[in-house]
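Me: I've got a protein model open and I'm not sure how to read it. Could you walk me through a few features?

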Amino acid sequence: GAGSAGGRGADRVSSDALRLGSKAMGRRNSLKYMGQQESLPPKHGVDKSAEDKQFIAEVLRGNPNLQRHVKLDDSHVQDLVDVAWREDFVSGQMLMSEGDLSNELFYIVAEGSFEIVAYTPFEIITQTGVSYVCRPEEPEGPVENRPRTARVAGRGLCIGDSSMVYNQPRLVTAQAREPSAAWAISQCDFKTVQSRAMQARREAGAGTGKAPEVERLLAEALRANANLQRLVPLSGEHIQQVVAVACRQELAEGHVLMYEGDLNAEAFYIVGEGSLEACGSEPFEVISEGGVSYFHRAAHSGQQVAEVVRENTIRVVGRGHCFGEISMLHCAPRFATLKALERTVLWAIDRSSFQIVQMRGAEEHMRSRVRYLEGLEAASGLPQGGRDALAGLMDMMRFTEGETIVRQGAAGAALHILCDGRVAVEVDGRERERLEADPSAGTHHRFGEEALRKARPHPATVRVASATATVLVLGREDFMSVWDHVLEGVQAPVFERLYTRAAPRKDEPALASLEQLGLLGVASFGRVELVRRVSTGETYALKTMSKGLVARRGMIASLAQERRIWEMVASPFVVRFHGSISEPQSYSLLLEAALGGQLDAAYEREGLYGSVPHARYYLAACVLALDSLHRLKVACRNLRPQSVLLSAAGQPKLGDMGLAKIVVGQTFTVCGAPNYMAPEVLAGTGHARAVDWWSLGVLAFELMAGRPPFESDHPMRVYWNVMRGIARVELPTACHGAVGDLVTLLLKPQAIERLPMRQGGISNITEHPWFAGFDWQAMQAQTLKPPYIPKLKGDTDLSLFSPCIADLPQPVAYDDQDDQWGEHFGAP
């Protein structure tokens, strides 16, 4: 992202701010494939010689990492050649870092050389002028104990391909050894071409190209796999799409397909013929259903291991067994070693193709929501775009048996749609009828339609009569906002972007009217400075970004959204936005100056870890900040100690909107700080605002224990720990009791189960026993005295910031010939 109001340089205040897993991983929305993208974006305007084009094409064709699962013919290769652009690197510049989630690009080295290093052993294989990273089949011990491997490679090296194609964290670190250049290809361009290739193959051939019995076997194995269906429920149509992309793979007797701890988890498999032996150090079982099966172990459902087992678990599996799906979805190490006991045929489904199908599934789910609104009288006058917007604005809630969805006589404020489960309808305490909804049969039931227009008492109580029930909820405020704000002819899938009326422009100052007082920090695209408005004497934080650097990284649309969110938010617990300044070569955001510094720095400096009064105060502020964002359908996606700033008076404020996004329905961008990242973000299965409540749970744990629950010195181990969940973490003494219960309820693996996502919303937090006696009313009014007040000498005291000037990025000249800036900002 573009950094916080305090700037990334504030991360330098303490060494812990540089801990692995604490750094936020940015994203480039304009380079992100969003599904149903039928054409390539405009070319990047880079002229290539015939030699350049031939060179890029040869590397793409000759790289087995790309061709293993992604089948591209000559026309598709040429499409990628056309959209590649050149990037130059100075000596010592980092191309990528191991474990980084900023994986939207891969590179082909054209000039110079790079040093490649990683914890996991690897080799650079070179064949006919094409080089690529190859990993040995057998890892050398646990990842955290492995020495780093280092190699040097130059022209013809294709790097970052696997992490980009399979949407995984970067597997290596690459640094320029000399002035170098590389051709870059974006994930958006690549997956657009890949999706088009998949569509062409479906249209060109009859069916999937597989025998009918193979199709039935694969479909049944996918349908019966509870691990998959729990994480990414697949309908019949989407199961057939997954079957279509499965690739045949044959193993000889004795061949080891994967080793326990292996990080190469870019695919999962279904056994077509033969058998394999699975051996793992943690207990697991084979769950069989009909003629198919899958693995199950405690970590898959977030359960604790009942007891320590000293011996390996060994199982033999055969035809119809589905395995590897958890590691693939969560970018996690393989939990068992699998070896072919005889000649074995596997069907492999790669992560990239699977995620494209997932995105199509999300679109279909949104269309099904629209169908739930058919016949809704209150929406009968809305255009199609309006109904689409309503579908995206509905929140999904999970109820358990005995819980009340609506209560007779209570004033209605929302429409409730029962889409799965059974309920009892009661009037005056007597049951009148039972209703059941089944998504597979297309049956659903609506309650409280009248509440969309005005508050009216519910005529009956609706109580859950099944083990669980899934309900879509549409609030009156959201419903009315659609009539006021949604535009006809929506230009993008409504679950990707909600169109809102822009807030009135502020009295935006000119750059010349501001006096520079000092450097607060370093942002991704420039600097954050403390400035004073000469006419008033008021001080601000000015975040100035190089337009050329923003444009080069494809972040213009993302920055426009960040600015739009700053304009929308009005909360005392979020840094205030005071305007923006557009210059020919730079763009600046004028924000409230929070001179108390970052929360993590204050905790380190003052020794506050484990203090209940401090933790309750700062977490309460985060709850109220997130609530204000969520009411606007904004997901923060970057809540962590470094993004919480303190005012001079000690009041906490959320200060980073660089990764925030208006989310209706789901979004698929993988972003955030790994230690605070919810499992659905890491898995790429689609996420919404519930990810912020996961981050709040991590923050609560850290403020009490002094460390985040999933931290590790090895980047890939962080993701593995997140996937295993809080149930596999031994709670320290500081997290025992009520706070541990709160943490556990926030860190539910299923987003819909997290505490504020249930009936009652944030009142489930405000009324939790750990907050007993806390004055929420005074907190909201900002009359509650902060437990810590920074020691500052005035409104220009920068003593709590220590930015590293060496981290300042070099500005890049901006050429506005395409007027991209004006397109997104309405200004040059």
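Reply: Sure. Keep in mind that this is a predicted model. Let's start with one residue: threonine 470 sits in strand S27, which covers residues 468-475.

Me: Is threonine 470 buried or exposed, and why?

Reply: The general idea is a cut-off: buried means under 20% relative accessible area. Threonine 470 has 9% relative accessibility, so this residue counts as buried.

Me: Which residues does threonine 470 touch?

Reply: Skip the residues up to four places away in sequence, and you get Met396, Met397, Arg398, Ile417, Leu418, Cys419 and Asp420. With arginine 398 there's also a polar contact between the side chains, at 3.4 Å.

Me: How do I read a salt bridge, and how many are there?

Reply: Look for a side-chain nitrogen of Lys or Arg within 4 Å of a carboxyl oxygen of Asp or Glu. This structure holds 27 of them. Take lysine 633 and aspartate 395, whose closest N and O atoms are 3.8 Å apart. Lysine 633 is in the loop between H16 and strand S34, while aspartate 395 is in strand S21, so the pair ties together parts that are 238 residues apart in sequence.

Me: How buried or exposed are those two partners?

Reply: Lysine 633 is buried, at 5% relative accessible area. Aspartate 395 has 28%, so that one counts as partly exposed.

Me: What about a salt bridge inside one helix, where are its partners?

Reply: Try arginine 563 and glutamate 567, with closest N and O atoms 2.9 Å apart. They're four residues apart in helix H14, so about one helical turn separates them. Arginine 563 is buried at 7%, and glutamate 567 is buried at 11%. Salt bridges can share partners too: Arg248, Glu250, Glu273 and Arg343 are joined into one network that way.

Me: And what's the largest nonpolar core here?

Reply: Think of a nonpolar core as buried residues such as Leu and Phe, joined through side-chain atoms within 4.5 Å. The largest one here has 88 residues, and Leu619, Leu654, Leu696 and Phe771 have the most contacts inside it. Helix H16 gives the most, with twelve residues. Domain 4 (511-592) and domain 5 (598-791) both contribute residues, so this core lies between them.

Me: Which residues are in contact with phenylalanine 771?

Reply: Beyond its neighbours within four places in sequence, phenylalanine 771 contacts Arg616, Leu619, Ala620, Leu742, Ile765, Thr766 and Trp776. There's also a second, separate core of 27 residues, including Leu218 and Phe354.

How values were computed:
Residues are numbered from 1 along each chain as its sequence is written. This is a predicted model: local features need pLDDT of at least 70, side-chain atom pairs count only at pLDDT 80 or more; totals for chains, interfaces and linings use all residues. Side-chain values use heavy atoms; hydrogens and water are left out. Buried means under 20% relative accessible area, exposed over 50%, partly exposed in between (1.4 Å probe, protein chains only). Helices (H or I, at least four residues) and strands (E, at least two) are DSSP runs, numbered from the N terminus. Domain bounds come from an automatic or database domain assignment. Contact means heavy atoms within 4.5 Å. A polar contact is a pair of N or O atoms within 3.5 Å; within protein, one must be able to donate a hydrogen and the other to accept it, and residues adjacent in sequence count only if both atoms are side-chain atoms.
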